[in-house]
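Open the model in your viewer and keep the sequence panel visible. The tour below goes from one selection to the next and says what to look for at each stop.

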Amino acid sequence: MMSGPSLQAEEIPSNLYKPNAPLSAKIIEQRRITAPDSPNDVHHIVFDIAGSNLRYVEGQSIGVLPPGTDANGKPHKLRLYSIASPAVGDDGEGKTVTLCVKRAVTKVEETGEIFQGVCSTFLCDANIGDTVQLTGPVGKSFLMPAVPNANLIMFATGTGIAPFRAFLHKRYHQLKQETGESWLFFGAQTRRDFLYEDELARYSSHPGCHIVTAFSREEKNRQGGRMYVQHRLLEYADTLFNLLQKPETCLYVCGLRGMEGGIIEGFQEAAALQGIHWDDFLAQLKAQKRWHIEVY
Ligand code: FAD
Ligand code: NAP
């Protein structure tokens with residue numbers, strides 16, 4: 001039976017580079033991965049970590065120290081980004097780490113003022129060859145199960161796809177054994193923001209791999225509102241709840257803060273139909289470390 005932490009604590013690299021002694025890593029790949037006509041600017045950024053001590057496992061995050069100082073003259077604080085590459089890196093040799101970064105822009109409606117996020121602007125504007133200060137890795141609770149036959153149920157909004165790209169890469173490129181089922185629900189505003197569409201399409205040809213999308217500004221849910229991942233979940237609620245009752249199934253949610261609420265409601269409904277008390281069931285999932293939420 002599979003449950004409990006994915007890896008032994010000593011196998012999880014942690015804080016190999018700290019803010020007072022970060023790793024200077026060169027950008028070796030930098031490209032926009034939203035369509036040219038999308039209002040959302042998301043970048044795939046690959047860093048060279050060859051020769052460094054940086055190692056990581058799928059599901060961890062990297063810290064970025066943006067250059068410069070804040071309004072108080074203090075160095076900018078570190079920002080975290082989920083790692084989008086498998087532990088072997090996109091290069092397959094552990095010499096790179098990849099991030100998937102959305103340019104954060106806020107428009108204050110009342111004044112019309114526009115604020116650019118410090119770190120995401122720095123990263124999205126950086127060029128190949130530029131050096132970035134990295135820390136980490138961090139994170140011990142959003143890791144892949146150690147056994148290949150685990151079923152993975154994954155919900156991502158926007159750049160929340162990052163850790164799942166790593167999970168699926170590991171599962172379908174590296175693991176030679178038979179794997180469990182993979183269910184990935186990906187939500188974005190429109191198809192123009194379908195991150196890593198080609199890669200995901202390739203995975204969906206593997207038996208037991210299901211990729212389901214929810215494009216909120218193009219599709220409507222049953223109530224006529226925006227289509228979110230939790231509405232898609234309702235279409236498969238019975239199948240997924242049955243899967244979740246198997247001890248080798250783990251659930252992951254990554255992306256926008258608050259998105260987990262709709263997912264809980266979806267499963268609650270499916271549990272009620274089967275006469276199962278959801279709160280007790282959820283407590284059990286958490287105790288068995290099969291329920292993983294990383295939202296921001
Ligand atoms: P900040 O400068 O910190 O600003 C934050 C927001 O406030 C911006 O939207 C900015 O436009 C707005 N703002 C700034 N000043 C004002 C003002 N005066 N009035 C109104 N609004 C203002 N992000 C990703 O893109 N990809 C990831 O994979 C990812 N993974 C994450 C993993 C974890 C574990 C966590 C905790 C966060 C993750 N994030 C990720 C979010 C990331 O850490 C940053 O929070 C994000 O990039 C915004 O940082 P920033 O420095 O660009 O914006
Ligand atoms: P986004 O484009 O704002 O949203 C992605 C999709 O989610 C859109 O279709 C959006 O719909 C929909 N959505 C909005 N509210 C929702 C809800 N309550 N439930 C389900 N779906 C909802 O996303 P993004 O800008 O890429 O941002 C992703 C967020 O994840 C960022 O805040 C980022 O910092 C964070 N993040 C966190 C982690 C982490 O913690 N590990 C990792 C990666 C990213 P509408 O816009 O049409 O309403």
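Select ligand 2 and show the residues around it: there are 21 of them, and the closest are Lys 102, Ser 216, Arg 217, Arg 226 and Tyr 228. Keep in mind throughout that this is a predicted model.

Now display the side chains of Arg 217 and Tyr 228. An N or O atom in the Arg 217 side chain is 2.5 Å from an oxygen atom of ligand 2. The side chain of Tyr 228 also has an N or O atom placed against an oxygen atom of ligand 2, at 2.6 Å. Add Ser 82 next; here the partner in the ligand is a nitrogen atom, 3.1 Å from an N or O atom of the Ser 82 side chain. How much of the accessible area of ligand 2 does the protein cover? On its own the ligand has 930 Å², and the protein covers 78% of this.

Colour the shell of ligand 2 by residue class. You should find seven nonpolar, ten polar and four charged residues. Then switch to a cartoon and pick out β10, β12 and β13, each of which supplies at least two residues of this shell.

**Ligand 1**

Move to ligand 1. Its surroundings comprise 19 residues, with Arg 79, Leu 80, Tyr 81, Cys 119 and Ser 120 coming nearest.

Turn on the backbone atoms of Cys 119 and Cys 100. For Cys 119, a backbone N or O atom lies 2.7 Å from an oxygen atom of ligand 1. For Cys 100, a backbone N or O atom is 2.9 Å from a nitrogen atom of the ligand. Thr 106 uses its side chain instead: an N or O atom there is 2.9 Å from an oxygen atom of ligand 1. The accessible area of ligand 1 on its own is 970 Å², of which the protein covers 70%.

Which element gives the largest share of the shell around ligand 1? Select β4 (79-82): this strand contributes four residues, the largest share. Also select β5 (96-102), β6 (105-107), β7 (114-116) and α1 (118-125); these elements, like β4, each supply at least two residues of the shell. Coloured by class, the shell has ten nonpolar, seven polar and two charged residues.

**The largest pocket**

Hide both ligands and look at the space they leave. The space taken by ligand 1 is the largest pocket, and the space taken by ligand 2 is the largest pocket as well. Its volume is about 1400 Å³.

To find the centre of the largest pocket, select Thr 159, Gly 160, Gly 255, Leu 256 and Tyr 296, which lie nearest to it among the 44 lining residues. By class, the lining has 22 nonpolar, 16 polar and six charged residues.

Next, trace the elements along the lining. β4, β5, α1, β10 (182-188), α4 (229-235), β12 (249-255) and β13 (291-295) each supply at least two residues. The largest share of the lining comes from β4, with four residues.

**Two backbone stops**

Most residues other than glycine have a negative phi, and most peptide bonds are trans. Two places are worth selecting with that in mind.

Go to Gly 136 and Pro 137, which are joined by a cis peptide bond with omega of about 5°. Pro 137 lies in strand β8 (residues 131-138).

Finish at Tyr 196. This residue is not a glycine, yet its phi is positive, about 60°. Where along the chain is Tyr 196 placed? Tyr 196 is in the loop between β10 and α3 (197-203).

Note on methods: Residues are numbered from 1 along each chain as its sequence is written. Chains are lettered from A and ligands numbered from 1 in the order in which they are written. This is a predicted model: local features need pLDDT of at least 70, side-chain atom pairs count only at pLDDT 80 or more; totals for chains, interfaces and linings use all residues. Side-chain values use heavy atoms; hydrogens and water are left out. A residue is near a molecule or strand if one of its heavy atoms lies within 4 Å of it. A polar contact is a pair of N or O atoms within 3.5 Å; within protein, one must be able to donate a hydrogen and the other to accept it, and residues adjacent in sequence count only if both atoms are side-chain atoms. Accessible areas come from the Shrake-Rupley method with a 1.4 Å probe; for residues, only the protein chains shown count as cover. On a 1 Å grid over the protein atoms alone, a cavity is a set of points where a 1.4 Å probe fits but cannot get out, and a pocket is an open set with protein on both sides within 12 Å along at least five of seven lines; lining residues have an atom within 4 Å of a point. A molecule sits in a cavity or pocket if more than half of its atoms lie within 2 Å of its grid points. Ala, Val, Leu, Ile, Met, Phe, Trp, Tyr, Cys and Pro count as nonpolar, Asp, Glu, Lys and Arg as charged, and the others, Gly among them, as polar. Grid points are joined across faces, edges and corners, and a volume is the space filled by probe spheres set on the points.
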